[in-house]
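Visitor: Please give me a close look at the core of this protein. I want to see what packs there, and what sits around it.

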Amino acid sequence: SKGEQNTMFIFKSPFILGGVLLGMLLNPTVKAAIISIQVPQQAQQDGTFLVEIHVEQAVNLYALQFDIRYDNQFSVQSIAGGNFLQGPNGHYFIQGSDNQAGLLSNMADTLLGPNPGVSGNGVIASVKFQAVSPGAGTVAIENPVLTNSAGVQLDVQSGTEPGGQPSDQLSAAQATIQVGPLEVAPEVTAQNVPILSFWGFAILNLVLILLGRSCLRANNVRR
């Protein structure tokens with residue numbers, strides 16, 4: 001039939017078949033990279049906790065930049081780059097600037113040299129916070145920008161991982177940490193210490209007197 005002849009013509013022609021395969025290779029279905037944060041669900045007042053920024057489904061990732069917004073009941077203690085962006089010439093991590101008012105801006109990391117990007121999943125940065133006051137507070141990633149080795153910006157989605165568990169996609173990765181009050185051991189006061197009553201002292205003295213008499217009688221018997 002006419003349809004079978006057209007099909008046979010396509011697969012018999014090496015140029016047409018090559019063009020179809022080349023088009024499939026140049027236009028693959030690539031999932032968007034996911035930026036997420038992993039935080040503990042709870043923290044103790046005056047204690048510290050670690051926030052990790054993760055990337056998933058990265059393809060040819062060469063450089064990235066993002067901001068972290070946090071509630072003022074938290075204070076930044078330290079910032080460190082992750083181990084995901086690694087290349088033959090190393091990488092350069094920028095801690096960004098902390099305005100002390102709840103924003104870590106322009107955090108960035110990039111590979112060095114004319115190398116291909118990195119693909120897969122991994123940690124791109126971590127921030128250690130101190131919980132200053134009790135209550136529920138949030139930490140969120142804003143304005144994530146990822147580029148490949150050609151300088152082309154990658155598609156990015158954001159999600160949260162409270163307590164390490166993946167969740168639904170969000171426009172800005174955000175997680176809530178519940179800070180509990182500082183546990184302080186109760187002070188030992190005079191009210192906590194048991195005090196012997198009058199009758200307690202009387203009974204104690206009587207016992208001591210009886211023991212003393214018993215000892216004297218025992219000595220007399222031996223003599």
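Guide: Start with a term for aromatic side chains: two rings of Phe, Tyr or Trp count as a pair if their centres lie within 6.5 Å. In this predicted model, ring pairs link Phe49, Tyr70, Phe74 and Phe129 into a cluster. Searching the whole structure turns up four aromatic pairs.

Phe129 leads into the core. The largest nonpolar core holds 39 residues, and those touching the most other members are Ile53, Val55, Leu61, Phe66, Met107, Val127 and Phe129. Seven strands each give two or more residues to this core: E1 (33–39), E3 (48–70), E4 (74–81), E7 (103–111), E8 (118–131), E9 (135–148) and E12 (174–180). The top contributor is E3, with 12 residues.

Take Val55 from that list. Beyond its neighbours within four places in sequence, Val55 contacts Ala33, Ile34 and Ile35. Val55 also contacts Leu61, Phe84 and Leu146. Gly120, Asn121, Gly122 and Ile124 complete its set of contacts. Of these partners, Leu61 is another of the residues that touch the most core members.

Now the strand pairing. E3 and E8 run antiparallel to each other, paired over 10 bridges. On this ladder, His54 stands opposite Val123 of E8. E8 also pairs with E4, again antiparallel, over seven bridges. There, Ile79 faces Val127 of E8. Val127 is also on the list of residues with the most core contacts.

Phe66 takes us to polar neighbours. Not counting residues up to four places away in sequence, Ser105 touches Phe66, Asp67, Gly96 and Ser97. Ser105 belongs to strand E7. Its relative accessible area is 16%, so Ser105 falls under the 20% limit and is buried. What does its side chain meet? A polar contact of 2.9 Å joins the side chains of Ser105 and Ser97.

Glu142 touches Phe66 too, along with Asp67 and Arg69, leaving aside residues up to four places away in sequence. Glu142 sits in strand E9. The side chains of Glu142 and Arg69 make a polar contact of 3.1 Å. Glu142 and Asp67 are 75 residues apart in sequence, yet their C-alpha atoms are 5.0 Å apart. Is Glu142 buried or partly exposed? Its relative accessible area is 23%, which lies between the 20% and 50% limits, so Glu142 is partly exposed.

Gln45 shows the other side of that limit. Gln45 is in the loop between strand E2 (42–44) and E3. Its relative accessibility is 19%, under 20%, so Gln45 counts as buried. Along the chain, 85 residues separate Gln45 from Gln130, while their C-alpha atoms are 8.0 Å apart.

Last, step back to the whole protein chain. It has three helices and 12 strands. Of its 223 residues, 30% count as buried. Among contacts between residues at least 6 apart in sequence, 75% join residues at least 24 apart. The accessible surface of the protein chain is about 14,500 Å², and carbon and sulfur atoms account for 57% of it.

Technical notes
Residues numbered from 1 in each chain as written. Predicted model: local features only at pLDDT ≥ 70, side-chain atom pairs only at ≥ 80, totals over all residues. Heavy atoms only, no water. Core = buried A, V, L, I, M, F, W, Y, C linked by side-chain atoms within 4.5 Å. Buried < 20%, exposed > 50% of the residue type's maximum accessible area, 1.4 Å probe, protein only. Helix = DSSP H or I, 4+ residues; strand = E, 2+ residues; numbered from the N terminus. Contact = heavy atoms within 4.5 Å. Pairing = 2+ DSSP bridges. Polar contact = N/O pair within 3.5 Å; in protein donor to acceptor, adjacent residues only side chain to side chain. Phe/Tyr/Trp six-rings, centres within 6.5 Å; stacked < 30°, edge-to-face > 60°. Areas by Shrake-Rupley, 256 points an atom, 1.4 Å probe, with all protein chains shown as cover.
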